[in-house]
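Dear colleague,

I am passing on the structure below, and after it you will find notes on a few places that I looked at. Please read them with the coordinates open.

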Amino acid sequence: MTSVQSQDSSLISEDAARALARGQYVDVFSLLGMHTDNNQLVVRCFLPGALAVEVLSAKDGKKVASLSAEAREGMFAGVMGRRVKPFPYLLRVAYPSHVEDVYDPYGFESLLSDYDLYLFGEGRQLYAQDFLGANPKEVEGVAGVLFGVWAPNASRVSVVGDFNHWDGRVHVMRFHPASGVWDIFIPGVHAHAHYKFEILTADGELLIKSDPFAKTMEAAPNNASRVAPQSSFVWQDEDWMQARDKDWHRQAMSIYELHLGSWRRKGEAGDTWLTYRELADELVPYVKSLGFTHIELMPLSEFPFDGSWGYQPVGLFAPTQRFGSSDDLKYLIDACHRAGIGVLMDWVIAHFPADAHGLARFDGTCLFEHQDPRRGRHPDWDTLIFNYGRAEVQSFLLSAATVWLRDFHIDGLRLDAVSSMLYLDYSRNEGEWLPNADGGRENHEAIECLKLINSRLYGEFPGIVMIAEESTAWDGVCRPVSEGGLGFGFKWNMGWMNDTLAYLGKDPIHRRWHHHQLTFGIMYAHSEQFILSLSHDEVVHGKASLLSKIPGDDWQKFATLRAYYGYMWGFPGKKLLFMGGEFGQRDEWNHDKSLDWHLLQYAPHQGLSLWLSDLNRLYQSHTVLGQTDHDLSRFCWLDCDNAEQGIYAFVRGEGDDALVFAVNMTPQLQQGYRLGLPGEGDWRELLNSDASCYGGCNQGNGGVIVCTPEPASGKAQSALITIPPLGCLVLGLSRDKSPAISSESSADNALPVKKAPASTKAKSATKDKPATKSTAKAKASSTDKTPAKPKSGTKPSTKPSTKPSTKPSTKPSTKASARSVAKAPSKAAAKTKAEDPGL
C-alpha cells in the first residue's frame, strides 16, 4: 500500500482525504495533529460525525482558531493565525447532540523508549507489559491510556473501542519499523473501557484482535480487552516475601492443588462460583488447618472455554474475571501469605488456542506461532505452538511470567506439558515432524527458551520456584543452566505417580506380583528435584477418584488410601495432592460442580482428612523429611523385597532424627514382624494410620516399641512389632524431642474447620448419619477383635480375619502418643462406618 501525502496546495488533499475515510492512510501522525506547513502552523483532524471544530489553548482555554470542514465528512483543518511555534491544545468539537473538549491524540509524541524496544527485539525484555497493551498514563497533566502492540507485518493498526464507536479510522496507531511496534496515547480513555485492535493485513484482510498484553478481559463470547484500573491494593505480606528467599530444596513443601471454579460453590443450586475474596475467607483457613505449605492454582490466565480448565489461555497477562478483579486476586494471595501459605500457579506456554480473536495469525502472518504446521500446530489439542526461537516471542513469554511474579506476588510457576516443548516428534507420527539442524528430535529453540525463562526469572525474583511437568527421562530438567540443564527448580515425578497408582489399583491378592511398583521410584528419586504429584489429571476423564481406584469394600479403600498417603509422605520428594483427595472424594473431579463436602459428615472421610493433616504436621515438624529429599545417603531400605507379606519399610535420616516408615499393603495383620532399627533405645509410634481417630481398626504397638540388640534388616538392633492391615506406622526414637502429634489437640482444632462449609448445601442421603465428635476420637476397648496372621501357603483374605490372635496393648506410654495407640472404635463409630454412603 502506498502512503498518501498531503499537498502544499491544500490542508488535506483529496487523495489523503479519501485514504483517511477508507482507513487506508498509513502514516497518519505525519498528517493529523499540529504541523508546520509552508511556514504556517496547521492543525488537521478527522472526527467522524462532528459538525464544527475549534482549537483552544490548553494553557488558558482560550480559542485560537476555528477549523474549516474539508471536502469529506469528519475532516477539519485550519491555520493557527500568527502562531508559528507548536503549543499544547484542545479541540472543542460540536456534535449534533452535544459539545465536548478533547485532547488530540495526534498532538502527543511517542511515549515508547528506544531501549525498551531494543530489549524487546533482543528477547531480553522482562517488562513489555509496561509499554505494550493498555497502560494508563498522565502526560503533561493529561490523563489517558498508552496503547501499544507488536504487529510488524500489518499495513495499519487501530485501537477500536467503546470510546470511539469501534471505528478503526479514528485512532490509527504510529508505526515503529525497527521494532514492529505500534503505539498511540489516547487522552480521556477511562478504566474498564472495552477495546480491541483492528489490523489491516498486507493482503488487505481486516482482523479484529484482542490485546495480547491485556491486563483484564471481557468474558466470552465478546472477548474484548479492557483497560485495567490503577491498582489500589496495599500488600501486607512483606514478612512472607522477605522470608521466602530460601533453598526450597531443603524445606518442607506440601502442595494443595485446586481449581477455583469447583473447589466450593454457593447458591441454592450450587452453581455459583466463589469470588477471590470469598475464597480468601474459606480456602485459606481450610488449607492452613490441613497443614499444607502451598496451594497450586490451576491456570488463572484468561481463557474463553470453561471446559479447558484454563489450559487454553488467550490472555497470558490477564487474571480471569470469573472470580473478581485483579485486586481481589491480590487479596486472596495476600491472605495466603499472611497465613504462611505459598501460592503457585500453573502457567501454560506449551501451546495456545487458535481462536480468531487471539494470537493466531495475529497480523495476518504466523507471528507468535511457528509457520510450518509440523512445528507450529499441536496434533493432540488442535492448538498452536509458540515460535520459541523468535526473540520477540521470548520477550512476550518472559513478560507474561513477570506479571504474575511481580504484580501478583505469585511464588512460583508450574509449566504445563513441558515434554511437548522438548521433542519435535512429540505425539507425531513418521513424516509429521521436522528434525532439528542436527537431524535429531530435540527442539533446540524451545530448550533455549526454557533456559532463558528459568535463568532470568530466578535472577529477578529471589525465592520463587519453577516447576516442570515433564513426563520423560530428559536429563537435567532441574540442573542449573550453567551446568547444561534446563534450570527448573522442581519436576513432577510422573513415573512414581504412574507406578504407584497402578499398584494401588491391584487387588491385594495380586499385589505381590507388582511389589516393585512401590520400590522402583527410589532408583531415580535423587536424579532430579522431584515433587510426588497426585494431580487433577489422575482423577478425571474416567480415571476415577483416588478412593474409587482402590478395589475392595470401604474398609479396604480407606485403609489403603491412608497407608498410601503415609508411604508417599515418607518417600523422598515434595508432595502435591489435588483437592478432594484429602477427605476421600468418591466421584471423579467435575469442573462444573463443587466437591462433595457433605462427605465430611461421615467418620471415614473425617478420619482420612485428620490423617492427612497429621502427616503434614509430621512432615513439617521433622525437618529431616524436607531437608534430605536430594540426599541418597539419608534414605535406607529396611525391607523392600517382602512381596509375600506386602511390607515396605525404610528409614529417613539418621541418629536421633531418624524416622522409620513401615507400611503393610495387604489386609493381613502382621504380628511379630522383626524390624531392624537404625538406633538403640526405645522407639515410639509417632503416627499409626489404623488408630480409631483415623477410622482404623485399632491395631498397634501400645505407643512404645522396645528395641533389642538382635540384628535384622542390616541393622545391629531390632524390635518385634505389629503392623496393622493396610496400615502405615511412623516410628521415632523416644529421645527425639520433636513435637508430638496429639490427637486431643489436633482433632479438636482441625475437624470442625473441615466440616461441610456453610456455602455448600449438604446433600441428603437416606442411609447416611453424620459422625459425632466421639466417633472420631473413640476410646480403646478390650473387646476389639484382632485379625489373625495368615498361615503359610494360604491366600490372604480381602478383609481382616475375625478370629482373635494375640491382643495388642492399648495403653499409651504417654499422653503425647495417644493418637498412635491402637484404640477400638466405639459402637457409634462402627454404626456410622456401616452406614457410610460408600458401602
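**Tyrosine 89 and its surroundings**

Tyrosine 89 counts as buried, because its relative accessibility is 6% and the cut-off for buried is under 20%. Please keep in mind throughout that this is a predicted model. The residue belongs to strand β6, which covers residues 89-94, and its side chain forms a polar contact of 2.7 Å with the side chain of aspartate 104. If neighbours within four places in sequence are left aside, the residues in contact with tyrosine 89 are Gly33, Met34, Val43, Val55, Leu56, Ala58, Tyr103, Asp104, Tyr106 and Gly107. For glycine 107, the separation from tyrosine 89 is 18 residues in sequence, while the C-alpha to C-alpha distance is 7.8 Å.

**Helix α1**

In helix α1, which spans residues 14-22, the buried residues include Ala16, Ala17, Ala19 and Leu20. These four lie on the same side of α1, because the arc they cover around the axis is only 165°. As a general point, an α-helix has 3.6 residues a turn, so residues three or four places apart point the same way. Among the elements that cover the buried residues of α1 are β2 (40-46) and β5 (75-79). Just after the helix, glycine 23 adopts a positive phi of about 70°.

**Helix α9**

Helix α9 takes in residues 444-460, 17 residues in all, and the distance from its first C-alpha to its last is 24 Å, close to the 24 Å expected at 1.5 Å a residue. Its buried residues are Ala446, Ile447, Cys449, Leu450, Lys451, Ile453, Asn454 and Leu457, so that a lysine and an asparagine appear in this list beside the other residues. The cover over these buried residues includes the strands β23 (342-347), β26 (412-415) and β27 (465-468), together with the helices α7 (391-407) and α8 (418-422).

**Asparagine 664**

Is asparagine 664, which lies in strand β33 (residues 659-664), buried or exposed? Asparagine 664 is buried, because its relative accessible area is 0%. Its side chain reaches the backbone oxygen of proline 724 at 3.0 Å. Not counting residues up to four places away in sequence, asparagine 664 touches Gln645, Gly646, Gln670, Ile723, Pro724, Pro725, Leu726 and Gly727, so proline 724 appears both as a residue touched and as the partner whose backbone oxygen is reached by the side chain.

With kind regards

Methods:
Residues numbered from 1 in each chain as written. Predicted model: local features only at pLDDT ≥ 70, side-chain atom pairs only at ≥ 80, totals over all residues. Heavy atoms only, no water. Helix = DSSP H or I, 4+ residues; strand = E, 2+ residues; numbered from the N terminus. Buried < 20%, exposed > 50% of the residue type's maximum accessible area, 1.4 Å probe, protein only. Contact = heavy atoms within 4.5 Å. Polar contact = N/O pair within 3.5 Å; in protein donor to acceptor, adjacent residues only side chain to side chain. Arc of directions from axis to C-beta. Expected span 1.5 Å × (residues − 1).
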